[in-house]
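Let us ask how the labels on a protein model are earned. Each answer sets a value against a rule.

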Amino acid sequence: MEERDWAAAACQGDETAFYYLVSSQKRKLYGIAFSYLRNESDALDAVQETVCKAWLKCRQLKEPDAFIPWLIRILIHVCIDEQKRRKRTLPLTALTLPSSGEMVSVHKLDLEIALERLKPKYRHVLTLKYYQDMTLTEIARILDRPEGTVKTWLHKGLKQLRGQMTWGGEVYYG
């Protein structure tokens with residue numbers, strides 16, 4: 001059975017098909033959530049919430065071919081909601097360090113701070129392109145925007161990111 005057939009069955013209420021589709025995308029979903037939230041438990045919670053929302057709304061999906069981009073779009077919105085919740089509870093300067101105990105370079109932290117300063121549309125495109133290695137066509141489908149718009153957002157996002165960074169890779173705070 002093809003992905004299209006699995007999606008059509010899932011949208012008709014087939015739990016096995018839904019499980020198969022979600023399971024086939026679990027690494028990608030977790031990777032996207034982690035790139036947004038930078039915390040393992042928050043990323044897992046976001047994926048779980050996404051799967052629950054998708055299951056509840058799956059029958060309303062008009063185009064089963066768009067199941068995977070639709071699922072990723074839900075995940076992105078869940079991650080954005082979590083980021084908004086964090087901003088209400090944590091000051092902007094509090095950056096969470098990875099809980100895995102890995103060493104983080106100052107340049108990586110500067111890049112993450114610079115990414116947080118970008119407009120969300122640019123940040124989404126850059127995150128999906130460079131953290132998830134998606135093509136512009138895939139990103140356009142996920143964000144439900146024309147490919148030309150996604151290319152423009154990528155270009156403008158990179159330009160703004162370069163403007164915030166100095167030659168050495170450090171954020172200019174001036």
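Buried means under 20% relative accessible area, exposed means over 50%, and partly exposed lies in between (1.4 Å probe, protein chains only). The model is predicted: local features need pLDDT of at least 70, side-chain atom pairs count only at pLDDT 80 or more, and totals for chains, interfaces and linings use all residues. Residues are numbered from 1 along each chain as its sequence is written, and side-chain values use heavy atoms, without hydrogens and water.

Q: Why is L111 called partly exposed?
A: Its relative accessibility is 31%. That value falls between the 20% and 50% cut-offs, so L111 counts as partly exposed.

Q: Which nonpolar surface patch includes L111?
A: L111 joins Y130 and Y131, with about 290 Å² of accessible area together. Patch residues have over 30% relative accessible area and no salt bridge (a side-chain nitrogen of Lys or Arg within 4 Å of a carboxyl oxygen of Asp or Glu). Nonpolar side chains (Val, Leu, Ile, Met, Phe, Trp, Tyr) are joined within 5 Å, like charges within 9 Å. Areas come from the Shrake-Rupley method with a 1.4 Å probe.

Q: What makes K159 exposed?
A: Its relative accessible area is 58%. The cut-off is over 50%, so K159 is exposed.

Q: Why is C58 called buried?
A: C58 has a relative accessible area of 1%. That is under 20%, so C58 is buried.

Q: Why do C58 and C11 not form a bond?
A: Their sulfurs are 3.5 Å apart. A disulfide needs cysteine sulfur atoms within 2.5 Å, so this pair is too far for a bond. The count by this rule is zero disulfides.
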